[in-house]
Amino acid sequence: GSARTVSHNLGVAPEMMWLKNRDATENWPVYHKGLDGGTNPETHYIRLNQNNAEADSADWWNDTAPTASVFTVGTQGQVNTNTQKYIAILFATIAGVSKVGSYTGNGSTTGPTVDCGFSGSPSFILIKRTASTGSWYVFDSARGIADGNESQLYLNSNSAEQTATDQIDPTSSGFQLVTNATGLNADGETYIFYAIAAIS
């Protein structure tokens, strides 16, 4: 219930964190290094199961950036209710394997090309608009990430997958947006993402 640090063994500072209260019906709070435009991400939070925009509050991460050994939670009950148990899932970029990052939309169907540093196309991509409402888009190789139509799911929705739309194309080292849909590529908007490389 009081602001505190929590030890972890990731070995590097987490660039994205998902927390969940195991003892109560609560949201999934998210920290991501791209929040607040990447300037002071520890001052902001967003939720994995909702389409809300990011918000500024010290109650979530106590305005303290995570380090290679600890992360900090504030007094907000969704991250730190006294005596209740939580899980924390931590993510960081691993060269050639995974990428935690952000990009700025341009509002064009020839959208930003995002270099993830992969030696091939990604097998999983998660994208969320930050400053405005927008779904958590999920693209994966099991359902196809292709030059052309692909299917997508939304983490914040229990709807069936959306099919027959061309939103994103793989590149030799990452992906390119090929839509001006506001959830993925509105002009001047910031988007956070997490990508995993295809493993051969």
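In the predicted model examined here, threonine 83 is situated in the loop that runs between helix H2 and strand S7. Although threonine 83 is not a glycine, its phi angle is positive, at about 75 degrees. The relative accessible area of threonine 83 is 68%, and this residue is therefore classed as exposed, since the cut-off for that class is over 50%.

A positive phi also occurs at asparagine 62, where the angle is near 55 degrees, and this residue, too, is something other than glycine. Asparagine 62 has its place in the loop that links helix H1, which spans residues 58-61, to strand S6. With a relative accessibility of 34%, asparagine 62 is counted as partly exposed, because the value falls between the limit of 20% for buried residues and that of 50% for exposed ones.

The elements that border these two loops can be considered next in connection with the largest pocket. The volume of the largest pocket is about 180 Å³. Its lining is made up of 14 residues, and those closest to the centre of the pocket are Arg4, Val6, Val73, Val79 and Tyr86. At least two lining residues are supplied by each of four elements, namely strand S1 (4-7), strand S6 (70-73), helix H2 (77-80) and strand S7 (86-91). The largest share comes from S7, which contributes three residues to the lining. When the lining is divided by class, eight of its residues are nonpolar, five are polar and one is charged.

A further site is centred on tryptophan 136, which belongs to strand S11, a strand that covers residues 136-140. The relative accessibility of tryptophan 136 is 1%, and the residue is therefore buried, given that this class comprises values under 20%. The side chain of tryptophan 136 takes part in polar contacts with the backbone of residues that lie elsewhere in the sequence. In one of them, the side chain reaches the backbone oxygen of arginine 47 at 2.8 Å, while in another a polar atom of the tryptophan 136 side chain lies 3.1 Å from the backbone oxygen of glutamine 50. Tryptophan 136 can also be set against isoleucine 192, from which it is separated by 56 residues in sequence, whereas the distance in space between the two, taken from C-alpha to C-alpha, is 9.6 Å.

Methods. Residues numbered from 1 in each chain as written. Predicted model: local features only at pLDDT ≥ 70, side-chain atom pairs only at ≥ 80, totals over all residues. Heavy atoms only, no water. 1 Å grid on protein atoms, 1.4 Å probe; cavity = no way out; pocket = protein on both sides within 12 Å on 5 of 7 lines; lining within 4 Å. Points joined across faces, edges and corners; volume = space filled by probe spheres on them. Nonpolar A, V, L, I, M, F, W, Y, C, P; charged D, E, K, R; others polar. Buried < 20%, exposed > 50% of the residue type's maximum accessible area, 1.4 Å probe, protein only. Polar contact = N/O pair within 3.5 Å; in protein donor to acceptor, adjacent residues only side chain to side chain.
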